[in-house]
Amino acid sequence: MTTQLNQSQLDDLARDLDAIRDEVRADLGERDARYIRRIIRLHRTLEIGGRVLMPFGFIPPVFVAGVASLGVAKIIENMEIGHNVMHGQYDWMNDPSLHSQTYEWDTVCTGDSWRQTHNYEHHTYTNVIGKDRDYGYAVLRLSDDEKWKPWHLLQFINYLMLTVFFQWGVGLHELESERIRRREIKLSDKKAFLRDFFRKGGRQAFKDYVFFPALTFPVFPIVLAGNVCANLVRNLWSSTVIFCGHFTEDAETFSEASIENESRGQWYLRQLTGSSNFTGGKWVHILSGHLSHQIEHHVFPDIPAHRYREIAPRVEAVCRKYGLKYNTGSFGKQYWTVLKRIAHYSLPDRVRVKLEAQAV
């Protein structure tokens, strides 16, 4: 059931959260600039290290080290740098290389496509069924709002394919394949998008699967295998982090009707109740792009993400003040609830209802 607050409470909620946001933004400065530049140096060091180690991958420990170094570099660039920079978290620095509208990250999805499908569609319509296409990525049924169909029995296969090929799935998200299947739009309507997708995807594939392996031709297969593994590491980790922030058991969903004439307080409430956090140490937060604090990210998407750990206790206190659940738990616990939700909604409604009744 969707959490409800009266209008007075919603207005107070908006004021409380606006106050936190304004305070943090007023404090942005040199330490934030140092942080992102330090992370960029770390990413470059790890990428160079991984590329240098990979040709010596005929030695098994070196192969593992090379894959780990390159894989972590890709994770950091995508999660802590690219995702956060493109949200405008560092626009205030006036650094052209860190501006949200021009940054182009090291993944298949183009920056322009991401800014449209994620920054605008997802963050505007978070968990609104029929509007937020990130909810289930058009391949997973995760609520009763979508009618069950026989192919949903196999959605764990879709889940596995999505996690393994996550960068390609995200890159193709703007294609809106479900609308093409329903004949609401034509494939030809996406000509410009597909042109950009194949151009960017082709460059990414050429770089990792042709160019760098060809530089070390005698060990081409080893370097190719290492790059495939590094991309797999990045895809599995990134997808799991994102799923744990959105698809846990307690993350609420919303109807299109519920957001008509939505106030700022109602928008904040939807972000708080439709999101999930997970706990961990410093490096878990960094490697997740601080999306381990997905609640704070959905509430304050344009605040530098490394600040989320600092403000999380204050956001949790706001939730307590209004009787809202602050959805957090260990990484393992949250991931388990994601898997349960995927399995739960893969079943026919009558079977699922019967199982729920037996559980009670």
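Reader: What is the relative accessible area of Asp250?
Author: The model is predicted, with local features needing pLDDT of at least 70 and side-chain atom pairs pLDDT 80 or more, while totals for chains, interfaces and linings use all residues. Residues are numbered from 1 along each chain as its sequence is written, and side-chain values use heavy atoms, with hydrogens and water left out. Asp250 falls in the partly exposed class, which lies between buried (under 20% relative accessible area) and exposed (over 50%), with a 1.4 Å probe and protein chains only. The relative accessible area of Asp250 is 40%.

Reader: Which residue forms a salt bridge with Asp250?
Author: A salt bridge needs a side-chain nitrogen of Lys or Arg within 4 Å of a carboxyl oxygen of Asp or Glu, and for Asp250 the closest N and O atoms of the pair are 2.4 Å apart. The pair links distant parts of the chain, 75 residues apart, because Asp250 is in the loop between H9 and H10 while the partner is in the loop between helix H13 (308–321) and H14. That partner is exposed, with a relative accessible area of 52%, and the residue asked for is Lys325.

Reader: Which residues are joined into one network by salt bridges that share partners?
Author: The structure holds 31 salt bridges, and some of them share partners, so that one network can be named. The residues in this network are Glu47, Arg51, Lys74, Asp106, Lys207 and Asp208.

Reader: How many residues apart in sequence are the parts that Glu104 and Lys200 tie together?
Author: Glu104 and Lys200 form a salt bridge whose closest N and O atoms are 2.7 Å apart. Glu104 lies in the loop between H3 and H4, whereas Lys200 lies in helix H8, so the pair ties together parts that are 96 residues apart in sequence. The two partners also fall into separate classes, since Glu104 is partly exposed at 40% relative accessibility while Lys200 is buried at 4%. The separation along the sequence is 96 residues.

Reader: How many of the 14 residues of H4 are buried?
Author: Helix H4 (111–124) is, like each helix here, a DSSP run (H or I) of at least four residues, numbered from the N terminus. What covers the buried residues of H4 includes H3, H6, helix H8 (191–215), H9, helix H10 (264–273) and helix H12 (294–299). Among the buried residues are Trp114, Arg115, His118 and Glu121. H4 is largely enclosed by the rest of the structure, because the number of buried residues is 10.

Reader: Which helix gives the most to the largest nonpolar core?
Author: A nonpolar core is a set of buried Ala, Val, Leu, Ile, Met, Phe, Trp, Tyr and Cys residues joined through side-chain atoms within 4.5 Å, and the largest has 31 residues, of which Ile81 and Phe243 have the most contacts inside it. At least two residues of this core come from each of helix H2 (30–53), helix H3 (60–86), H5, helix H6 (166–171), H9 and helix H14 (331–344). With five residues, the helix that gives the most is H2.

Reader: Which residues does Val67 touch, not counting residues up to four places away in sequence?
Author: Val67 is found in helix H3, and at 9% relative accessibility Val67 counts as buried. Contact means heavy atoms within 4.5 Å. One residue in contact with Val67 is Cys229, which is partly exposed with a relative accessible area of 30%. Under that rule, Val67 touches Met54, Gly226, Cys229, Ala230 and Val233.
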